[in-house]
Amino acid sequence: MPKLWADSLEEHRALVRRRLVDAFLDLVDERGIEEVTVAAVAARAGLARSAVYNHVGHLHDLALWHAEQVMGDWLVGLQEVEDDDRGGWGPIEDVVRQSMAVFAADPLAGLDLAHHLDDDRAARLFTLLSPIMAHVHEAVAAGVASGDLVDEDPVELAGFVWATIAGYRPSVGDGRMPPGPAADTIVRLLGRAIRRNPPAAP
């Protein structure tokens with residue numbers, strides 16, 4: 001295993017954190033999150049056990065670091081989508097398809113992660129997710145305002161959209177359902193439910 005080195009202390013800490021997170025994710029995949037130990041993470045990362053405690057107060061902090069990276073990349077991807085001729089429905093479809101891709105790629109997506117965290121860390125996870133949910137609300141509100149989506153309370157409609165997307169997270173995250181077919185199903189069902197003029201069924 002290559003040695004950890006960097007030009008600054010901050011970069012060194014980032015490298016150590018990345019190695020710890022990668023080791024944690026590998027072990028979660030092999031054993032399940034509740035069976036992962038500090039000693040196992042340290043051994044997999046090639047670090048002394050004491051080094052782990054120099055960086056985290058609890059192993060679940062590694063899950064939160066990973067979630068922070070996932071959420072950040074997810075939001076950037078959503079914000080980079082360009083306007084097209086799908087009108088107010090387009091951003092909703094993009095949220096669905098990108099969400100399924102994120103769930104399929106994230107090693108922790110198949111877990112009910114919040115269930116494994118204490119109250120403080122679960123609250124931090126929700127905070128990380130808040131910008132994604134805000135993006136969904138903004139997209140729905142814009143679609144309602146443009147007349148492309150049904151005339152319902154945007155807050156309630158966004159909650160419905162998000163609940164539908166999140167409902168597919170476990171099965172896509174653990175590989176039971178491929179992300180493409182899952183996205184196609186959600187797009188079809190949501191389209192019929194919330195578009196003002198949904199396309200005719202084939």
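Helices (H or I, at least four residues) and strands (E, at least two) are DSSP runs, numbered from the N terminus. This tour follows that numbering through a predicted model, in which local features need pLDDT of at least 70 and side-chain atom pairs count only at pLDDT 80 or more, while totals for chains, interfaces and linings use all residues. Residues are numbered from 1 along each chain as its sequence is written, and side-chain values use heavy atoms, with hydrogens and water left out.

**The whole chain**

Begin with the chain in cartoon view. It has ten helices and zero strands, so the order of elements from the N terminus reads α-α-α-α-α-α-α-α-α-α. Along the principal axes, the C-alpha atoms fill a box of roughly 60 × 35 × 30 Å. Of the 202 residues in the chain, 41% are buried; here buried means under 20% relative accessible area, exposed means over 50%, and partly exposed lies in between (1.4 Å probe, protein chains only). The accessible areas come from the Shrake-Rupley method with a 1.4 Å probe, and for residues only the protein chains shown count as cover.

**Helix H1**

Select Arg18 and Asp22. Their side chains meet in a salt bridge, with 2.8 Å from N to O; the term denotes a side-chain nitrogen of Lys or Arg within 4 Å of a carboxyl oxygen of Asp or Glu. Both residues lie in helix H1, four residues apart, about one turn of the helix. Asp22 counts as partly exposed because its relative accessibility is 35%, and Arg18 is likewise partly exposed at 36%.

Continue to Asp26, which also lies in helix H1. With 40% relative accessibility, Asp26 counts as partly exposed. A C-alpha to C-alpha distance drawn from Asp26 to Leu125 spans 20 Å, for a separation of 99 residues in sequence.

**The loop between H1 and H2**

Next, select Thr37, in the loop between helix H1 (9-31) and helix H2 (38-45). What does the side chain of Thr37 reach at 3.0 Å? The partner is the backbone nitrogen of Ala40, a polar contact (a pair of N or O atoms within 3.5 Å; within protein, one must be able to donate a hydrogen and the other to accept it, and residues adjacent in sequence count only if both atoms are side-chain atoms). Thr37 is partly exposed, at 39% relative accessibility. Its C-alpha atom is separated by 26 Å from that of Arg169, 132 residues apart along the chain.

**The loop between H3 and H4**

Move to Leu59, placed in the loop between helix H3 (49-53) and helix H4 (60-79). Is Leu59 buried or exposed? Its relative accessible area is 9%, and it is therefore buried. Between Leu59 and Gly180, 121 residues apart in sequence, the C-alpha to C-alpha distance is 33 Å.

**Two further salt bridges**

A search of the whole structure finds nine salt bridges. For one of them, select Glu93 and Arg97, whose closest N and O atoms are 3.1 Å apart. The two residues are separated by about one helical turn because they stand four residues apart in helix H5 (residues 90-105). Glu93 is buried, with a relative accessible area of 14%, whereas Arg97 is partly exposed at 33%.

Then select Asp120 and Arg124, joined by a salt bridge in which the closest N and O atoms are 3.9 Å apart. Here too, a spacing of four residues, in helix H7, corresponds to about one helical turn. Arg124 has a relative accessible area of 35% and is partly exposed. Extend the selection to Asp61, Asp118 and Arg121: salt bridges that share partners join these residues with Asp120 and Arg124 into one network.

**The loop between H7 and H8**

Select Leu149, in the loop between H7 and H8. At a relative accessible area of 0%, Leu149 is buried. Leu149 and Leu25 are 39 Å apart in space, C-alpha to C-alpha, and 124 residues apart in sequence.

Finally, select Asp151, whose place is in the loop between helix H7 (119-146) and helix H8 (154-167). Asp151 counts as exposed, at 61% relative accessibility. Adding Glu152, Asp153 and Glu156 displays a patch of negative charge on the surface, where these residues gather with Asp151. Such patches are made of residues with over 30% relative accessible area and no salt bridge, like charges being joined within 9 Å and nonpolar side chains (Val, Leu, Ile, Met, Phe, Trp, Tyr) within 5 Å. Lys and Arg count as positive and Asp and Glu as negative, with His and the chain ends not counted; the place of a charge is taken as NZ of Lys, CZ of Arg, CG of Asp or CD of Glu.
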